[in-house]
Amino acid sequence: MPRDSNAEAGSRWDILTKTGAGTPMGDLLRRYWWPIAGASELERPGTLPVRLMGEDLVLYKDLGGKYGLLDRHCRHRRADLSYGYVEKCGLRCNYHGWLYDADGSCLAQPYEDMAHPEARLRDEIRIKAYPVEELGGLLWAYLGPEPRPLVPNWEFFSWKNGFRQIVKAEIPCNWFQCQENSIDPVHFEWTHSNWSLRLGGTTGPYTPQHVKVDFNEFDYGFQYKRVRTDTSEKDRLWTVGRVCLWPNGLFTGNHVEFRVPVDDENTLSVMWHFSRVPREREPYVQNSIPTWQGPIADLAPSDRGIVMIRRRFLNDIEAVKDGRDPKAVIRDPAVNRAISLPVAEREAFIEGFTRAEAMANPLARRGLQGYIFQTGQPAEVRAAFLAAMGFSEAEATADPRPFDALAPAAR
């Protein structure tokens, strides 16, 4: 009897998109650390509700400055702990006062401790808890088995003289379809550049077309490379390319976007963005990285990269089943020092540029005009960015040409 190819494809798709505990992909993804918030969102002690891979959790920072990530609901009467209040050590439920620490232990049950102190009922109570670490201005969570790996210390986290910002956006789509975009260069031509042009009310000219793409795998993901009608094989987007960062990122040099599975139908996009300041502004030191919410405003041979990452995910699922580490899990601290990735514009990010060079570069000029990847940048973040770059609003917006006329190859 012939196999039902549609049913088989549907089953394979379920394997790749379902991330709940106990699912093949859920078990794989729990071997990695996930960015769930910007540290600036909890600059002061407090709580933040989080949903990650189908689990409802609460992130908190207590009065002692320690982070914790707990089950959203108290073990007593299932009250929502995101409404609780932080103590010197831990998070207290605002319903009956049960107090939990970062490892899920119950430290206090006010009534029970008073009425039945000899029973020590709190010693029998634990709540689901996960470790949290801070790196690069982000708060990272690990939901997997011990021993946990290291939080990857990517080199761009330590780049100097740059203005950094973190942008979060909610996407009503499963995480895997979002991540597949990280290795699909051709869609940038049509979904971003040309679509933006049509939204602006013009019908052309369209952005230069892709004529050649290529893909290869390396330790921390995949590279995609491209040649367009306005470039050649000498261009850095062919010799170096961009990075589909494993397991859930797109790294283009000046930013990395992590696709974080909220559940099987929704994704949290976490963008970490770096803007190199002109040399005249050096040394520039940023004490806090702002985090803001950005609404989403735009929505063959070129698919060979997608085939490659689907195959790698399926192979990694088998590796986890066999008790082996999947791709890009890092355990060696020596390897985890500023992990190097392919960067087409490395010299500009590291060595910098002058104000005059920034004004002469089309992509840099567009970056000065406004945040190009999402709408909704807060006015205070825009002001801080311009102050870091050393430009007034009038200088930054002097050139009225649209993004696609200036730099159709942003990605």
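In this predicted model, Glu-345 and Arg-242 form a salt bridge in which the closest N and O atoms are 3.0 Å apart. The two partners differ in how they are classed by accessibility: Glu-345 counts as partly exposed at 24% relative accessibility, whereas Arg-242 counts as buried at 3%. The cut-off for buried is under 20% relative accessible area, so the value of 24% places Glu-345 in the partly exposed class.

**Salt bridges across the structure**

The pair just described belongs to a wider set, since a search of the whole structure finds 26 salt bridges. Side chains of opposite charge can pair when their charged atoms come close. Three of the pairs are set out below, each with its N to O distance.

| Acidic residue | Basic residue | N to O distance |
|---|---|---|
| Glu-345 | Arg-242 | 3.0 Å |
| Glu-55 | Arg-30 | 3.0 Å |
| Glu-233 | Lys-212 | 2.5 Å |

In the second of these pairs, the side chains of Glu-55 and Arg-30 meet in a salt bridge at 3.0 Å, N to O. Because Glu-55 lies in strand S3 (residues 55-61) and Arg-30 in the loop between helix H2 (24-29) and strand S1 (33-38), the pair ties together parts that are 25 residues apart in sequence. Both residues are buried, Glu-55 with a relative accessible area of 8% and Arg-30 with 5% relative accessibility.

The third pair joins Glu-233 to Lys-212, with 2.5 Å between the closest N and O atoms. This pair also links distant parts of the chain, for Glu-233 sits in the loop between strand S14 (221-228) and helix H6 (236-239), while Lys-212 belongs to strand S13 (residues 210-218), 21 residues apart. Here Glu-233 is partly exposed at 45% relative accessibility, and Lys-212 is likewise partly exposed, with a relative accessible area of 35%.

Salt bridges also occur as a network, in which Arg-51, Asp-56, Arg-72 and Asp-263 are linked.

**The largest cavity**

Turning from charged pairs to enclosed space, the largest cavity holds about 140 Å³. Its lining is made up of 16 residues, and those that lie nearest the centre of the cavity are Tyr-32, Trp-33, Pro-152, Trp-246 and Pro-247. Sorted by class, the lining comprises 14 nonpolar residues, one polar residue and one charged residue.

Technical notes:
Residues are numbered from 1 along each chain as its sequence is written. This is a predicted model: local features need pLDDT of at least 70, side-chain atom pairs count only at pLDDT 80 or more; totals for chains, interfaces and linings use all residues. Side-chain values use heavy atoms; hydrogens and water are left out. On a 1 Å grid over the protein atoms alone, a cavity is a set of points where a 1.4 Å probe fits but cannot get out, and a pocket is an open set with protein on both sides within 12 Å along at least five of seven lines; lining residues have an atom within 4 Å of a point. Grid points are joined across faces, edges and corners, and a volume is the space filled by probe spheres set on the points. Ala, Val, Leu, Ile, Met, Phe, Trp, Tyr, Cys and Pro count as nonpolar, Asp, Glu, Lys and Arg as charged, and the others, Gly among them, as polar. A salt bridge is a side-chain nitrogen of Lys or Arg within 4 Å of a carboxyl oxygen of Asp or Glu. Helices (H or I, at least four residues) and strands (E, at least two) are DSSP runs, numbered from the N terminus. Buried means under 20% relative accessible area, exposed over 50%, partly exposed in between (1.4 Å probe, protein chains only).
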